[in-house]
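Reader: Got a minute to go through this one with me? I'd like to start with a helix.

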Amino acid sequence: MLDFALWKRATIWGIVLIGLLFAAPNMFYSRVEGHNDALKAIETQGATPELIAKRDGWPGWLPSGLVNLGLDLRGGAHLLAEVQVEDVYADRMDALWPDVRDALRDVRDQVGPIRRMDGTPGMLKVRLGEPAGMPAAIKAVRALARPIVSLTGVGASDIDVSGEGAVLTVQLSEPEKQATIDRTLRQSLEIVRRRIDEVGTREPTIQRQGEDRILIEVPGIGSADELKALIGTTARLTFNPVVSRTGNPNQAPGASNELLPSMDEPGTYYIIEKTPVVSGEQLTDSQPAFDQNGAPSVTFRFNPSGARKFGQYTAEHVGSPFAIVLDDEVISAPVIREPIPSGSGQITGNFTVEESTQLAVLLRAGALPAELTFLEERTIGPQLGADSIEAGKIASAAAFLLVLIFMWASYGLFGLFANVALIVNIGLIFGLLSMIGATLTLPGIAGIVLTIGMAVDANVLVFERIREELKTAKGPARAIELGYERALSAILDANITTFLTAVILFVMGSGPVRGFAVTLAIGIVTSVFVAIYVTRMMIVMWMSRRRPKTIVL
């Protein structure tokens with residue numbers, strides 16, 4: 001059993017070398033990080049002498065994966081946001097109203113005149129002129145229902161229609177509400193991720209928590225307020241026909257219209273049609289720019305569908321004003337001088353350069369489907385992260401040194417073999433973390449420190465077993481062989497139970513707990529591999545070379 005075939009030796013050393021090669025970039029963290037950033041910048045912005053110098057700071061043929069530093073190590077912002085899905089219910093009912101109105105008009109002879117009532121958001125109430133026509137009204141509106149496209153809502157329709165007296169009520173069905181929550185959260189997650197990616201932030205954590213909450217952790221950003229300004233803006237852009245302009249904030253806008261304030265002119269309000277001509281969803285690009293007067297502005301370009309609608313509308317309404325509306329404020333309301341068939345234009349306003357840049361980022365990323373309410377916010381300074389890294393280094397070094405001394409003092413030469421294996425083990429942990437792009441947090445460092453202590457467990461078991469076998473007057477080779485054979489089951493049992501615990505922590509936990517579970521699980525795998533194969537191979541190589549008559553443990 002002490003014989004190692006050549007292919008086995010090559011495989012073991014190959015795994016060790018590959019692991020250490022992938023771990024190596026972490027020893028030159030700043031240089032490799034600059035290399036990676038320069039590669040991304042060259043791809044998007046083009047090459048400059050500074051970027052090329054940074055790119056060449058690390059050989060391109062070497063691995064350049066790094067263990068990402070988490071929020072608690074790099075510093076940054078933490079937000080827990082709740083998505084206001086009720087807004088989406090209300091928007092769905094507003095969008096359904098024209099169809100309901102047309103359906104009821106088709107049975108007007110039975111239901112009489114109709115009028116939409118003010119009521120709970122997310123619920124559409126319609127008063128019928130003829131209560132006796134309620135069955136016909138319910139039948140006509142139910143014909144608008146569509147089947148739900150989701151696994152949990154098979155066979156159900158998207159709206160519930162009921163009537164009481166002369167009031168017809170329409171609302172989303174419960175299965176459709178669940179499907180809407182799921183769609184809204186997925187869309188919000190994607191848009192938040194795009195907005196953060198637009199500013200080039202490294203390795204953000206953006207994940208769903210519970211039914212309607214989103215956890216956002218962005219390392220390297222200045223403050224939670226900066227992060228909120230980036231992702232908390234709805235950025236809903238629409239182009240609406242203007243009905244009139246007024247200075248009275250209480251003026252009734254009329255049916256299907258709404259009254260919105262001007263962004264740049266205090267005391268000025270616009271009455272606009274609720275239904276937009278085109279919306280921000282049809283934008284394909286948006287960039288910060290300067291207008292003909294040198295003031296910051298934002299350019300935009302529509303997709304073919306939006307460009308066609310915009311061109312047709314401007315051709316039919318030359319001489320009329322239209323409003324550019326962002327988040328329920330009128331940015332500007334220019335008069336159409338001539339048709340705009342190109343599908344591109346420019347938004348001017350009282351912007352600063354920073355505001356125009358941020359608005360362009362928000363428009364490119366798309367509008368949030370619903371407002372985000374921030375329940376928890378936290379800013380972690382970079383100095384705190386630096387202190388954590390320093391404390392982690394000291395803890396790891398102290399643990400490492402104590403284990404080295406203990407193993408050498410307890411087992412002599414075999415203890416030195418175990419110490420070399422321990423160094424290899426740490427290298428393999430960082431190599432694996434770099435290969436999978438894991439994020440290292442403070443609990444992750446705790447997991448590595450714990451692994452340093454646990455990594456020699458297997459060697460201690462083997463060495464103690466070898467001691468027992470040596471007492472029975474067996475030769476050194478036979479004692480080593482039996483020591484490994486008889487300690488193997490105990491080593492596997494102990495590490496499998498700990499590995500299962502790490503898996504449970506990963507599945508059930510979140511954030512830092514998962515980071516701890518990942519480093520612990522990887523540490524268990526590498527420590528077992530190193531103890532069973534690497535340490536044993538070193539002992540076998542020593543035995544083959546020295547052929548000792550006795551060994552002292």
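Reader: How many residues does helix 13 have, and how far does it reach?
Author: Helix 13 covers residues 442–455, 14 in total, and reaches 20 Å from first C-alpha to last. That is close to the 20 Å expected at 1.5 Å a residue, the expected span being 1.5 Å times one less than the number of residues. Helices are DSSP runs of H or I, at least four residues, and strands are runs of E, at least two, numbered from the N terminus.

Reader: What are the ground rules here?
Author: This is a predicted model: local features need pLDDT of at least 70, side-chain atom pairs count only at pLDDT 80 or more, and totals for chains, interfaces and linings use all residues. Residues are numbered from 1 along each chain as its sequence is written, and side-chain values use heavy atoms, without hydrogens and water.

Reader: Which residues of helix 13 are buried?
Author: Gly444, Ile445, Gly447, Ile448, Thr451, Ile452 and Ala455. Buried means under 20% relative accessible area (1.4 Å probe, protein chains only).

Reader: Where do they fall around the axis?
Author: Within an arc of 155 degrees, so they line one face of helix 13. The arc uses directions from the helix axis to the C-beta atoms.

Reader: New topic. Serine 262: buried or exposed?
Author: Buried, at a relative accessible area of 9%. Serine 262 sits in the loop between strand 10 (257–261) and strand 11 (269–273).

Reader: What does serine 262 touch?
Author: Thr268, Tyr270 and Val330, leaving out residues up to four places away in sequence. Contact means heavy atoms within 4.5 Å.

Key. Buried < 20%, exposed > 50% of the residue type's maximum accessible area, 1.4 Å probe, protein only.
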